[in-house]
Structures are given as structure tokens and as C-alpha cells.
There are 2 protein chains.
Amino acid sequence: MDLVTGGAGFIGSHLVDALVNEGKKVKVLDNFSSGRMEFLSHHDTNDNVEIINADLLDLVSVIDAMKGVEFVHHLAANPDIRLGTQVTDTDLKQGTLATYNVLEAMRINEVGTISFASSSAIYGEAQQMPTSEDYGPIVPISLYGASKLGSEALISAWVGTFGIRAYIHRFANIVGPRGTHGVIFDFIHKLKKDPTRLEVLGDGMQEKSYMSAEDCVQSMLHILKNTSDSISIFNLGTGDTCSVSRISEIVVEESKLSEVSIEYSGGKRGWAGDVPKTYLNVDKLLATGFLPTSNSEEAVRNTASSLIKEIGLF
Amino acid sequence: MDLVTGGAGFIGSHLVDALVNEGKKVKVLDNFSSGRMEFLSHHDTNDNVEIINADLLDLVSVIDAMKGVEFVHHLAANPDIRLGTQVTDTDLKQGTLATYNVLEAMRINEVGTISFASSSAIYGEAQQMPTSEDYGPIVPISLYGASKLGSEALISAWVGTFGIRAYIHRFANIVGPRGTHGVIFDFIHKLKKDPTRLEVLGDGMQEKSYMSAEDCVQSMLHILKNTSDSISIFNLGTGDTCSVSRISEIVVEESKLSEVSIEYSGGKRGWAGDVPKTYLNVDKLLATGFLPTSNSEEAVRNTASSLIKEIGLF
């Protein structure tokens, strides 16, 4: 049986869909802080999907949930990067400490393999673009990035000390239906509040790799099937980027609103800890034979269209 | 005023000595779990040295201790790497969580600079030898190494998000008087118990860089004076290595014992999480104009001689 932490969340619920499609038995562990039961409601009548409402910070619950599990997909985390600057232990707890509890519960239950959702945020403002997996030194600038690097460190220590196998996926910005955070989500909510004006945080020049949640989940599963090192580290992204100003234009186009005034708050960053540019080298992913179905701009456009329907603009 | 966490410990107490020599006012924060009051007893009558007995896991105490501090030297940590394999949250708590509390107390008290004792353990079994600061991917194999990498991640996030300045020193194996752990310390205690036989964990081929505590402390202070980036990362070591079998010979020679049988337990590692070979590239350190006074073998010999006197063999 596969366990998906954060399985009721944005990316987690897409992963559950994909695993169910493969005929797997899936246990979901989620505290529903940002995950939603409705993201999994289409599995209500499927006996292969079990949902446990528990918090990863409660080690006893995690040890209990780990019983009968053979493979862990650890996706649970605080999804709101900006929150880290206000409540500084958010990412430490929901990132690094939660990962420790997952690993300790695996050790106690002798579960052998973990697949972990890390992030391009660990690279901070990398000097090398596009940034490859062996880039160093790794100097994250956000508390979210720090929690992901701290989690990677624990996972690699568990591989080296206790002999588990690990897959570390360093995600680009992942976008798609069921998104609950991020720039596209924010823009739609802003337009809903004021359909005449869209404020963009920063100068709009921030530029990042965007990957669809569907491509993200499929690339993760592709890697699990095609690599067998004791620890495998992969950048997951599309090999291109899209700027924030371009995203604002795409969201306005998809909104069908006319005469929206796009305004910039100015400055290089959207907020303290925001990385102005991330651009991942995904040669290692492509070498496994995986090809993303959407590039960054297509992923952004499809997501804008889906989220406008989900959120409702009018 | 400078704060030294772990200032009553092995390296910390040497740093306090050096800071006092420079005329600095020094506050020591130590929980005396492995630190010892006697390591600082020669400062008893010095009004420039204040000692606070508190635990870094008690955030309120750390915030309180941070008052009036302008510069933090963060050296406190669990010094017993092997313990991490038995009590798996030791390094997480005494490493990563303690570092979070130090950083949060700095933020609250608006303290601007941290100098952090990291470790070559973060590199795990690096493919590049000697290993330079920009080596990647960084995949520690011990829980101690993971806690140091998790701490580095938090520090760099504090630099990027809250604008502090940071110095990260990645230590080779540091040895010298007042050592309370490590291979030389262990060998002397084994000879004290049985002067006819010395058991070496592993095959003796483990090979690491050893630096004297005096050189370590002087190189740290040299870097603080000669670099001014927002974040500076330096390997601290001697640019050479010494094998465990050679260390066993040196300890036996310094013990003046004759007819000691050196026996090997066998295997590549001394214990799970032990890195068989570490060899740091210290070109960046040397380029600052700092020259270590002892190479690895000299540092080992001087330490063996000092610790034999401290511990007493007969």
C-alpha cells in the first residue's frame, strides 16, 4: 500500500488520482489545513482509497498510519511561502519536523522507500541558470526553501544511516486545477474583488519555471519506475520560464474581462524571500525519457482557465 | 558584546579564550551537557566573561541571553555523532531546532551577524575529493550532518529574508586539548581500560582531515575580519588527511606503552553514518591569507599528547 501525506492537497490529490489509476491501494494522511475533502470526493466509493485525518506533528498518529505501508509519497507541507516571514516556525514545523516524523515512523515500521516533494526554492538565487541538481552552494533565501533543504538533509541521512531508498523531486512552480495558493490563484481573487484593476507584487520581471500538476505527478511516477539508485535527486520542470507580467496578461485574457489596468507595486521581489528568477535545468529528467506535455506558458494558461471556473469570477 | 553558544565546550572554550585575548566582552551560553565549567575556570576573575547556564531549546532563555549582544558565535551542538543513530531526534533538537531558536532570538533582538560552526559531515560521501564549498549535490549520511545542513539552510534563509549577515564554517575534524569526544579521545580511554590492546572500529582505512582547535578558532576569526559578503561559506581544515590506523599508531606512541596490540573490527565504516573518507579543499581559506600551524598528523599527535595528560593513562 502507498501512503500519500498531504494527499488531500493540491498536488497530493492529483497524485492520488494517478496512483488509483494504476490500480494501487492508497492511504491518504492529511490534516486538512489546506487540503480539502472535496479534492478526493470522486474516490468516495473506492475501497482502495483510505483517508486519515491526522497531523504529521503527532508522531504517534504517523506511526499508526504507517502500518501496512510499503511506499511513502511525502507531499505534506505549508503551501504558503509568504507566511514563513510572519510566523517563522511554520515551515520548520510543517516542513522539517513533519519530515522527521515521517522518517521516524518509517524506521519504526520498516518502510523502505520515500518519494519526497522538494522544491526549486532550495536553490535560492542561484548563480547558475538553468540550475542543475549538482549546483552548489545551496543557499535558500526563504524559510520555505530552508525547510525543504532541511527535509532533504534528514532523508539523505536516513538513506545513509538506516538504508532506506529515497527519491527527491525538486519541483518548479507547480500549477493546475485545485490550486490553493500562488500567483495565478492570487490574481484571480484580486480580479474577483476588483475587475478593473490587477496589482502585481514586484516589477513583474520575476520569472520562473511552471509545470502542470498533471506533468508533475506523471514525471514523479516515471522517475520511480526508471531509476534505482539509493538516493535519486531530480529537478522537475519544463525547461523554460514565464514572467509574472506575462502571467498577469494571460490571467486577464482568460478572465475575458476587458479594460483591466495591470499595476506593479515595484521592486525586484514580490515579498521578502521571493526569488526573482528560478530556471531549472531538467536535462536529467528528460534523459529518463519523460517529456512534459505543457511548457510554462501553456501550464499557466490552462491553470488560469481551470481556476477561473473553480473560483468563479462573477 | 559577543555571544558564544556552547562556549563551555571543547571548541567553544578555545574561542572564548581567543575572544578574551582580543579584549572582547564575551557572554557564554551553555547547558553543560558536554561543556564543562573547568574549561572556563581561568576566566573566573575576568569581568569581561559572563556565563549563562541555559538550554538553547528554551527559546525564552535564549531571547533573554541575546540582550545586548552584537555578534553571535553559534557552536553549541550534540558532539557525539554516533548517538544520532540510537536516539534519532538528538541532532534534530540540539542542532536544527537550537539553531532556529538562536536565529529567532537574534531577529527579535535585532542582532545582525552570526558565525556558525558547520561541518564537513554535510558532504557525506562526496564524489569530489578534495571537496570544495560549491560541491553538490550535498547528501549527508549521518543525522549529525543532516542537522548541520538543516542549520545552514535556516541561517541562509535568515540572511535572505531578514537581512542578517552570516559566516558558515564547515569544520574538518577538530582536535585538541579539552576534547570530549572523537577517535583520539576514544583510543586513550580504551588504552586506559586495557593497556595491552587497542580496538579500532572499522578497517582503519578511514581517512579524514584533522585541524587543531587553535587553528580552527584562529581561522574563524581571520575569516570574520577578512570577508564581508552577506553570507560567507568556508571549509576549515588543513588540506591533508590522516588515516585512523595512523592515529592509532600515534596514540600508542604518545602513550609510551609498549606491546599494544592494535586490532581492527573490520568493515569500511566505524559505525552506521560514519563517512570513510573526508578530504576538504581549503583553497578558499588559504586565499584569505590564513595558514594553519599544524597539518593533520601534527594536530593528531599534539592532541594525543594533551589528552593523555588530561585524561591520565595510569
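User: In which order do the strands of the open sheet in chain A stand, and is the pairing parallel or antiparallel?

Analyst: Strands of a sheet pair through backbone hydrogen bonds, and the pairing can be either parallel or antiparallel. In this predicted model, the open sheet of chain A is formed by 7 strands, which follow one another in the order β3-β2-β1-β4-β5-β6-β11, and their pairing is parallel. The strands at the edges are β3 (49-53) and β11 (231-236) of chain A, each with a single partner strand, so one side of each is left without a neighbour in the sheet. From one strand to the next, the twist averages 15°.

User: How many bridges join β1 to β2 in chain A, and which residue stands opposite A:Val4?

Analyst: Strand β1 (residues 2-5) of chain A and strand β2 (residues 26-30) of chain A run parallel and are joined by 4 bridges. Within this pair, A:Val4 has A:Val28 of β2(A) opposite it.

User: Which strands does helix α4 of chain A lie across?

Analyst: Helix α4 (residues 143-162) of chain A lies across β5 (113-119), β6 (165-171) and β11 of chain A, and the helix runs at about 155° to β5(A).

User: What can be said of chain A as a whole, beginning with how many helices and strands there are?

Analyst: Chain A holds 9 helices and 13 strands. Its radius of gyration is 19 Å, close to the 20 Å that the globule rule gives for 314 residues, so chain A is as compact as a globular protein of that length. The C-alpha trace of chain A spans about 60 × 45 × 40 Å along its principal axes, and 54% of the 314 residues of the chain count as buried. If one takes the contacts in chain A between residues at least 6 apart in sequence, 80% of them join residues at least 24 apart.

User: Why does A:Phe185 count as partly exposed, and where does A:Phe185 lie?

Analyst: A residue is buried if 20 or more other C-beta atoms lie within 10 Å of its own, and exposed if there are 12 or fewer. A:Phe185 has 19 C-beta neighbours inside 10 Å, and therefore counts as partly exposed. The residue lies in helix α5 (residues 183-193) of chain A. Leaving aside neighbours within four places in sequence, A:Phe185 is in contact with A:Gly179, A:Thr180 and A:Leu307. A:Val200 is 15 residues away from A:Phe185 along the chain, and the C-alpha atoms of the two are separated by 12 Å.

User: Turning to chain B, which residues form the covered face of strand β8, and which the uncovered one?

Analyst: In a regular strand the side chains alternate between the two faces of the sheet. In strand β8 (residues 197-200) of chain B, B:Leu198 and B:Val200 make up the covered face, whereas B:Arg197 and B:Glu199 make up the uncovered one. This strand runs parallel to strand β13 (residues 261-264) of chain B, to which 4 bridges join it, and B:Glu199 has B:Glu263 as its bridge partner in β13(B).

User: Which strands and helices should I look at around β5 of chain B?

Analyst: Strand β5 (residues 113-119) of chain B runs parallel to strand β6 (residues 165-171) of chain B, and 7 bridges join the two; the bridge partner of B:Thr113 in β6(B) is B:Arg165. α4(B) packs on the sheet, where it touches β5, β6 and β11 of chain B, and its direction makes about 155° with that of β5(B). α3(B), for its part, lies across β1 (2-5), β4 (71-74) and β5 of chain B, running at about 180° to β4(B).

User: How are the two copies related, and how many residues of chain B are in contact with chain A?

Analyst: Two copies of a chain are related by a rotation about an axis and a shift along it. Here, a turn of 180° and a shift of 0.0 Å along the axis lay chain B on chain A with an RMSD of 0.0 Å, so the two copies are related as by a two-fold rotation axis. B:Gly150 is the residue of chain B that comes closest to this axis, at 2.0 Å for its C-alpha. The same surface serves both copies, since 100% of the contact residues of chain B recur in chain A.

As for the contacts, 33 residues of chain B are in contact with 33 residues of chain A. On the side of chain B that touches chain A, the elements giving two or more residues are α3 (90-109), α4 (143-162) and β11 (231-236) of chain B, and α4(B) gives the most, with 11 residues. By class, that side of chain B has 17 nonpolar, 12 polar and 4 charged residues.

Key. Residues are numbered from 1 along each chain as its sequence is written. Chains are lettered from A and ligands numbered from 1 in the order in which they are written. This is a predicted model: local features need pLDDT of at least 70, side-chain atom pairs count only at pLDDT 80 or more; totals for chains, interfaces and linings use all residues. Copies are superposed by least squares on the C-alpha atoms of residues with pLDDT of at least 70 in both. Two residues are in contact if their C-beta atoms, placed from the backbone, lie within 7 Å. Ala, Val, Leu, Ile, Met, Phe, Trp, Tyr, Cys and Pro count as nonpolar, Asp, Glu, Lys and Arg as charged, and the others, Gly among them, as polar. The radius of gyration is taken over C-alpha atoms; the globule rule is 2.2 Å times the number of residues to the power 0.38. Two strands pair if DSSP finds at least two bridges between them. Axes are lines fitted to C-alpha atoms, for helices over the stretch in contact, and angles run from 0 to 180 degrees between N-to-C directions.
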